[in-house]
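Q: I have a new model on my screen and would like to learn how to read it. Could you walk me through some of its features?

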Amino acid sequence: MRTVILHFHLFKNAGTSLDAAFKENFKGDEWVTKEFPAQPNKNREQVRQWIINNPQAKCFSSHTAVLPVPEIEGIKIIPVIFIRHPIDRIASAYSFEKKQGGRGFGSTLARNTTLGGYIETRLSLDHDRQCRNFHAHRLAAMYPGQPDTEADRALAAIKELPFVGLVERYTNSLETLESLLKSEGFESIKLKPVEKNVSRAVKKTLDEKLNEIQEQIGFDTYTCLLENNEVDLKLWCEINND
């Protein structure tokens, strides 16, 4: 039985730092990365084929791979995913997109408006999940076609997945992940907490950052943001209280 790691690299959830830790352990083409189309069925089939077509790889990483975890005969896949306090993640996404200089919708919007304007614009678009229960949307995909609500499916996913890390407890999460991977046959793996692609350099507590965000965008927009991230907040609390 071949065992591999599949990192579902969610945007602004310490994924670049985690990939750096993985690349310290998996050299050359043992660590691979790829992006996939938005159509869920095509996405899942291409992810499955990607793993099959790279027999030398031990660790796969993608921003766009969609749950559930592929089932492949003869291959055991260990899924790895991190989540973050949703309000702090949104502010980090804005900061990153404002700096990155691309021509995409998010970066163009961020460069031309405030954090409040960025949030209000993205919340006004029904199809846009960047500022609306982002984690719930990605986790609920674990159960495609199920009649349950997105919230129920997302909560079920974090209970079924073998590992869901928390950015706010990054070092502790890495220790838990390292222990899991060692038990799955990666006996020599050592995951060091390194910081990569950090959008905001100043170290502040989560409460300080949330208070600062509320001051920046105003009470009404902040309240609207909380309402639109109610499920993500529940997911975050569920993991934080484990």
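A: Gladly! One idea before we begin: contact here means that heavy atoms lie within 4.5 Å. Keep in mind too that this is a predicted model.

Q: Let's start with helix packing, then. Which residues of H7 and H11 meet?

A: From H7 (residues 150-160), Ala151, Ala154, Leu155, Ile158 and Lys159 take part, and they meet Val231, Leu235, Glu238 and Ile239 in H11. By class, this contact has seven nonpolar residues, two charged ones and no polar ones.

Q: How do I describe the way H7 and H11 are arranged?

A: Look at the angle between the axes: under 35 degrees counts as roughly parallel. Helix H7 and helix H11 (residues 230-240) pack at about 20°, with axes 10 Å apart, and are therefore roughly parallel to each other. The crossing of H7 past H11 is right-handed.

Q: What is the angle between H3 and H5?

A: Those axes cross at roughly 110° and come within 10 Å. An angle from 65 to 115 degrees counts as roughly perpendicular, so that is how H3 and H5 lie to each other. On the H3 side the contact is made by Ile90, Ala91, Ala93, Tyr94 and Glu97, and on the H5 side by Leu115, Tyr118, Ile119 and Arg122. Again, the contact divides into seven nonpolar, two charged and no polar residues.

Q: How about a single helix: which residues of H10 are buried?

A: A general point helps here: an α-helix has 3.6 residues a turn, so residues three or four places apart point the same way. In H10 (residues 219-227), the buried residues are Thr221, Tyr222 and Leu225. They span an arc of only 100° around the axis, so they sit on the same side of H10. The face turned away from that buried side carries the exposed residues Phe219, Asp220 and Glu227.

Q: What covers the buried residues of H10?

A: The cover includes H3 (86-100), H5 (115-123) and H9 (206-217).

Q: Now the backbone. Where should I look for unusual values?

A: As a rule, most residues other than glycine have a negative phi, and most peptide bonds are trans. Here a cis peptide bond joins leucine 67 and proline 68, with omega about 5°. Proline 68 belongs to the loop between strand E3 (59-62) and strand E4 (75-83). As for phi, alanine 14 has a positive value near 65°, in the loop between strand E1 (2-8) and helix H1 (15-25). Asparagine 133 also has a positive phi, about 45°, and is found in the loop between H5 and helix H6 (134-140).

Q: Is asparagine 133 buried or exposed?

A: The cut-off for buried is under 20% relative accessible area. Asparagine 133 is at 11%, so it counts as buried.

Q: Which residues is histidine 85 in contact with?

A: Setting aside neighbours within four places in sequence, histidine 85 is in contact with Glu168, Leu206, Leu210, Leu233 and Trp236. This histidine sits in the loop between E4 and H3 and is buried, with a relative accessible area of 7%.

Q: And where does tyrosine 143 lie?

A: Tyrosine 143 is in the loop between H6 and H7, and at 19% relative accessibility this residue counts as buried. Beyond neighbours within four places in sequence, its contacts are Arg153, Ala156, Ala157 and Glu160. Tyrosine 143 and alanine 157 are 14 residues apart along the chain, and their C-alpha atoms are separated by 7.9 Å.

Key. Residues numbered from 1 in each chain as written. Predicted model: local features only at pLDDT ≥ 70, side-chain atom pairs only at ≥ 80, totals over all residues. Heavy atoms only, no water. Axes fitted to C-alpha atoms, helices over the stretch in contact; angles between N-to-C directions. Helix = DSSP H or I, 4+ residues; strand = E, 2+ residues; numbered from the N terminus. Parallel < 35°, antiparallel > 145°, perpendicular 65-115°, else oblique. Left-handed = near helix turned anticlockwise from the far one by under 90°. Nonpolar A, V, L, I, M, F, W, Y, C, P; charged D, E, K, R; others polar. Buried < 20%, exposed > 50% of the residue type's maximum accessible area, 1.4 Å probe, protein only. Arc of directions from axis to C-beta.
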